[in-house]
Amino acid sequence: MAQTTPKMVFTPLMAWVLAWLAGVSGLQFMSDLPHPLWIGGIGVLVIVAWFWRCPAWGLAFFIGWIWAAIFAWWSQPERIESLDVRATYQAQGVVTSLPGTGDQYSRFLFRVNQLQQDDQIWQGDWLLRVSWFRGPPVATGSAWQLPLRIKPARSYHNPGSWDYAGWLYHQGVRYTAYVRQGETHQLVQTEVCCALQRLRQHWRDAVLALDLVPDVAGVLLALTLGDRSGLSRDLKQAFAATGTSHLMAISGLHIGLAATLALLLVSAIWRRIPRLCARYPALLAGTWAGLCTAAGYAAISGFGLPAQRALVMALVFATALLQRRLIQPFAVLAVAAWGVTLVQPSAVLAAGFWLSFTAVAAIFALLPLLQGRPWWLQAILVQFGINLVLYPVLLLFGMPLSWLAPVINLLLVPLFGFVVVPLSLLGVLCLPWVPLAADLLIWLAPLLQWILDGLYWLADWSRWEAYLPHIGLRWVLLVAVILALVPIAWYWRLTSLVLFGLGHLPVANTPDWGEYRVTVLDVGQGLSVVVQTRNHVLVYDTGATFASGFNLADAVVHPFLREQGITQLNLLLLSHGDNDHAGAASQLLAKMPVQRVLAGEPERAEVAAEPCQAGQNWHWDGVTFQILHPAHPRPAVSNNASCVLSIRNAAGSTLLTGDIQASVERRLAPVLAESGPWSLVVAPHHGSRSSSSPALVQATRPQQVVYAVGALNHYGFPKPDVMARWQAVGAQNWRTDQSGALSWLFAETMQGPDVYRQAQQRYWHD
């Protein structure tokens with residue numbers, strides 16, 4: 001009798017796991033952790049419902065929610081009581097991670113057991129992410145006493161921005177710190193902890209000692225040790241543009257391929273030794289080898305969260321094989337998903353979790369349908385099928401899309417999985433002890449360089465990005481993908497193609513004719529404002545860039561524009577040349593085309609810009625824009641050279657002021673009073689006392705005023721008396737450090753603001 005391939009059957013187990021995942025996910029969207037009494041009460045109700053024989057899948061939702069809540073309470077990082085963010089603490093602790101180096105910075109996890117400020121001493125167990133500028137070499141496992149400025153980890157709260165604080169929180173880190181200039185004292189060069197991390201640093205030092213191109217060395221470290229600190233910003237952007245970033249993250253792909261390779265290799269050798277086969281089946285021996293390989297690879301990579309997820313998946317699949325039974329693949333996948341979220345409930349927040357399981361599910365679904373076809377055709381169809389299935393996941397997580405990804409991954413996934421990764425692992429692991437390993441890595445370097453050169457070329461060739469539809473259209477695309485994949489009638493599949501096309505129509509969330517939207521972004525201690533009319537987009541300032549290479553264009557402004565479906569700018573207006581306003585201009589221009597650039601200080605701008613001058617005005621889609629300052633010839637520099645922009649329609653007016661100070665405010669007051677009262681004012685100079693003079697406040701008398709400030713900024717902006725001055729004329733105060741991005745729509749009336757942080761608050765946000 002011919003053996004049949006098991007088909008997918010939706011079992012009660014799969015329904016139970018899906019309900020569990022829904023419950024676990026539901027907890028992650030709460031703004032505060034539920035009180036333990038609530039958790040206990042719901043637990044009692046679940047027990048009662050179980051005795052009443054309620055459906056198991058219904059109970060699974062609440063069981064998943066309860067488990068996620070208990071885990072969140074149990075695993076939350078310890079707080080530092082009465083933390084003073086402006087104080088310097090003497091912190092004693094041990095470096096517990098592989099230090100990331102580059103751009104004169106060293107970054108590492110520092111487990112602190114004692115904090116001291118003046119005569120006060122606190123004992124505890126805190127894990128901090130520390131940055132050290134121009135510090136000495138830091139070794140894993142070394143103990144230090146360091147003068148630290150400590151503050152709660154914080155994310156930029158904007159549509160499209162990465163939740164940095166959440167990423168740290170789920171690694172057990174609640175605070176970040178930097179080493180203050182002053183005396184630093186290394187206590188002991190200890191070797192009593194972190195043996196695995198010290199071994200990983202030994203391997204990294206051996207790789208860096210080789211005569212390799214920096215990009216190649218960075219890729220080798222990322223593939224083997226999970227250390228991505230050696231990847232340059234340009235290289236990361238090339239991976240993102242070509243849809244191959246997953247190749248540099250040790251997760252299910254790498255660990256799964258390594259385990260599969262070990263399984264096949266050991267099984268093939270085992271079959272050729274009759275005595276071994278007589279005692280134990282070759283497949284089971286290969287399974288043990290694959291499981292050991294997966295565990296070893298996860299350990300070498302530092303047991304990061306993606307590696308932990310992959311290891312749990314490998315353990316479940318290995319257990320299924322060792323049972324020697326024909327098991328439904330989708331049931332095994334469901335158990336793996338349950339196992340991952342049992343160990344790590346917050347895994348559901350990671351795009352990698354859904355990408356990994358969705359990709360494996362696609363492989364399970366496609367392979368039975370492709371049996372009997374040539375292997376090369378199966379490989380092509382599976383790769384395109386995986387990319388189609390992953391498409392809605394990428395959209396829902398706001399991740400970059402690349403039309404080149406299916407073709408490139410079709411070539412690079414097997415090349416990396418069966419050639420580059422095994423040879424890299426073999427070379428790096430043997431490098432400190434086997435001289436020939438250096439020759440192997442040097443031999444591999446030209447192949448890697450050839451691959452990287454190709455990715456750079458493809459990234460330059462396809463600088464445009466796939467259109468990212470508005471959030472509403474993403475659900476249309478999700479339905480289209482489901483209809484395309486489900487085995488249904490041909491006319492429904494034709495409908496999926498129509499929906500797929502409709503989902504990509506360039507319909508962004510734009511105002512109607514005569515309306516405009518103002519969004520003040522959260523860029524920390526800086527400024528960036530996006531103004532949208534029906535067919536035009538203006539960006540006023542870009543936020544800062546820093547010595548480490550981090551900049552607010554890449555982190556905030558461009559992700560927000562992508563989230564809104566904006567692919568080009570009509571005008572970039574740089575108020576003046578200070579870093580916190582114009583520092584990231586060049587990075588933004590590298591991301592998308594800009595038709596025109598105006599600047600209050602064009603000579604200080606790092607991009608080609610025309611001078612911004614009073615009297616310039618234009619009309620976009622029924623909305624009037626006018627420059628009110630600086631006059632020509634420009635009488636001032638720096639803050640007082642700021643370009644002041646007025647925006648008006650029938651619904652209201654907005655004033656963007658840059659960093660102008662009291663002298664300019666007094667000169668503008670008569671003009672502003674004639675046009676007042678104003679609807680919205682972005683307070684000049686972040687609410688400092690040198691600005692927001694009584695003359696400006698009385699002239700504008702706005703309904704609402706916004707202070708673009710960084711959380712816990714050392715300037716103390718906005719100043720309380722400044723806020724009181726605006727409030728005295730009836731203005732409602734808003735701060736970006738507390739609210740995140742703020743958005744107003746000027747339609748028939750001024751509507752808003754939409755407060756992003758309020759809508760996206762999570763229990764791990766301080």
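**A walk across an eight-stranded sheet**

Start by selecting Arg-517 and Leu-745: Arg-517 stands opposite Leu-745, a residue of strand 21. You are looking at a predicted model, so treat this as a tour of a prediction.

Now widen the selection to residues 516–520 and 742–746. These are strand 8 and strand 21, an antiparallel pair held over 5 bridges. As background, strands of a sheet pair through backbone hydrogen bonds, in either a parallel or an antiparallel sense.

Next, bring the whole sheet into view. It is open, has 8 strands with mixed pairing, and follows the order 13-12-11-10-9-8-21-22. At its edges you will find strand 13 (610–611) and strand 22 (750–755), each pairing on one side only.

From strand 8, step along to strand 9 by selecting residues 529–532. Strand 9 pairs with strand 10 in the antiparallel sense over 4 bridges, and a hairpin of 4 residues joins strand 9 to strand 10. Pick Val-531 here, and you will find its bridge partner, Leu-538, in strand 10.

Pause on strand 10, residues 537–540, and show the side chains. Which way do they point? Val-537 and Val-539 point one way, while Leu-538 and Tyr-540 point the other, and all are buried. In a regular strand, side chains alternate between the two faces of the sheet.

For the last stop, select residues 571–574, which are strand 11; this strand runs parallel to strand 10, with 3 bridges joining them. Leu-538 turns up again, standing opposite Leu-571 of strand 11. Finally, add residues 552–563: this is helix 19, which together with strand 10 and strand 11 makes a right-handed β-α-β unit.

Technical notes: Residues are numbered from 1 along each chain as its sequence is written. This is a predicted model: local features need pLDDT of at least 70, side-chain atom pairs count only at pLDDT 80 or more; totals for chains, interfaces and linings use all residues. Side-chain values use heavy atoms; hydrogens and water are left out. Two strands pair if DSSP finds at least two bridges between them. Helices (H or I, at least four residues) and strands (E, at least two) are DSSP runs, numbered from the N terminus. Buried means under 20% relative accessible area, exposed over 50%, partly exposed in between (1.4 Å probe, protein chains only). A crossover is right-handed if, with the strands pointing away from the viewer, the path from the first strand over the helix to the second runs clockwise.
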